[in-house]
Amino acid sequence: MPTPARVSPGSVLAVALGGALGTVARYELGLAWPVAPGTFPTTTLAINLAGSLVLGVLLTLLAAQTASAHRVRAFGAVGFCGGFTTFSTWMVESVLLARDGDAALGLVYTVVSLIAGLVAVALGVVLARAFVHRDPAFDPRVED
């Protein structure tokens, strides 16, 4: 059995700091734009879509920068986007809508969140590729 890779303390710190910032940002946005119970959870949807877009942009920009971008990836993708977006709140809100008598809205919210999240990631990838100089170092599809 292979030995698991060890994670550097710097990477752990990068994930922790990014996660703390992402979580606080999500919390503050939830306070700034609260959603009434039984209504479409627009705040969580917007947060998850924004996080998906940022993740698509960030990972595309960092794709070819393997060694130098490791901590940026840990901070931004794993930490910040991981703390900012929220699968658990999305699921709880869907279940609560169904439990409180609006299963159709809960299903719509679940499906819209999934499809729109995938579209947001794809849009992030497209935007990053459109704005990055077409240097082979930035585009992993270009062969040497």
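This note goes through a predicted model point by point, from the overall fold to pockets, aromatic pairs and single residues.

1. **Fold.** The protein chain has five helices and zero strands. Along the sequence the order reads α-α-α-α-α. Helices that recur below include α1 (9–32), α2 (42–62) and α4 (87–99), along with α5 (103–131).

2. **Burial and surface.** The chain has 144 residues, and 28% of them are buried. Its accessible surface is about 9100 Å². Carbon and sulfur atoms hold 73% of that surface.

3. **Contacts along the chain.** Take the contacts in the protein chain with a separation of 6 or more. Of these, 73% join residues 24 or more positions apart. Several pairs below show how such separations look in the model.

4. **Largest pocket.** The largest pocket has a volume of about 360 Å³. Its lining counts 19 residues. Nearest the centre are V35, P41, T44, T89 and E93. Three elements give two or more residues to this lining: α1, α2 and α4. What is the mix of classes in the lining of the largest pocket? Nine residues are nonpolar, seven polar and three charged.

5. **Second largest pocket.** The second largest pocket holds about 190 Å³ of space. The lining includes N48 and S52, then T85, T86, F87 and W90. S113, L114, G117, L118 and V121 also line the second largest pocket. Helices α2, α4 and α5 each give two or more residues. The largest share, five residues, comes from α5. By class, five lining residues are nonpolar and six polar, with no charged residues.

6. **N48, at the second pocket.** N48 sits in helix α2 and is among the residues that line the second largest pocket. Is N48 buried or exposed? Its relative accessibility is 13%, so N48 counts as buried; the cut-off for buried is under 20%. Leaving aside residues up to four places away in sequence, N48 touches T85, T86 and W90. T85, T86 and W90 also belong to the lining of the second largest pocket.

7. **Aromatic pairs.** The whole structure has three aromatic pairs. One of them is formed by F40 and Y109. The arrangement is edge-to-face, with 5.4 Å from centre to centre and 80° between the planes. F40 lies in the loop between α1 and α2, and Y109 in helix α5, so this pair ties together parts that are 69 residues apart in sequence. The two partners differ in cover. F40 is partly exposed, at 24% relative accessible area. Y109 is buried, at 0%.

8. **F87 and W90.** The rings of F87 and W90 have centres 5.4 Å apart and planes at 85°, so this pair is edge-to-face too; the cut-off is over 60 degrees. Both residues lie in helix α4, three residues apart, which is about one turn of the helix. F87 or W90: which is buried and which exposed? F87 counts as exposed, at 56% relative accessibility. W90 is buried, at 12% relative accessible area. Both F87 and W90 are in the lining of the second largest pocket. W90 is also one of the residues that N48 touches.

9. **P37.** P37 is placed in the loop between α1 and α2. At 81% relative accessibility, P37 counts as exposed. How far apart are P37 and L97 in sequence and in space? They are 60 residues apart in sequence, and their C-alpha atoms are 8.2 Å apart in space. The loop between α1 and α2 also carries F40, the aromatic partner of Y109.

10. **V126.** V126 belongs to helix α5. Its relative accessible area is 54%, so V126 is exposed; the cut-off for exposed is over 50%. V126 and V57 are 69 residues apart in sequence, and 7.9 Å apart in space, C-alpha to C-alpha.

11. **Where to look again.** Helix α5 appears in several points. Y109 lies there, and so does V126. Helix α5 also gives five residues to the lining of the second largest pocket. Helix α4 holds the F87 and W90 pair. Both α2 and α4 give two or more residues to the lining of the largest pocket and to that of the second largest pocket.

Technical notes: Residues are numbered from 1 along each chain as its sequence is written. This is a predicted model: local features need pLDDT of at least 70, side-chain atom pairs count only at pLDDT 80 or more; totals for chains, interfaces and linings use all residues. Side-chain values use heavy atoms; hydrogens and water are left out. Helices (H or I, at least four residues) and strands (E, at least two) are DSSP runs, numbered from the N terminus. Buried means under 20% relative accessible area, exposed over 50%, partly exposed in between (1.4 Å probe, protein chains only). Contact means heavy atoms within 4.5 Å. Accessible areas come from the Shrake-Rupley method with a 1.4 Å probe; for residues, only the protein chains shown count as cover. On a 1 Å grid over the protein atoms alone, a cavity is a set of points where a 1.4 Å probe fits but cannot get out, and a pocket is an open set with protein on both sides within 12 Å along at least five of seven lines; lining residues have an atom within 4 Å of a point. Grid points are joined across faces, edges and corners, and a volume is the space filled by probe spheres set on the points. Ala, Val, Leu, Ile, Met, Phe, Trp, Tyr, Cys and Pro count as nonpolar, Asp, Glu, Lys and Arg as charged, and the others, Gly among them, as polar. Rings of Phe, Tyr and Trp (its six-membered ring) pair if their centres lie within 6.5 Å; planes under 30 degrees apart count as stacked, over 60 as edge-to-face and the rest as tilted.
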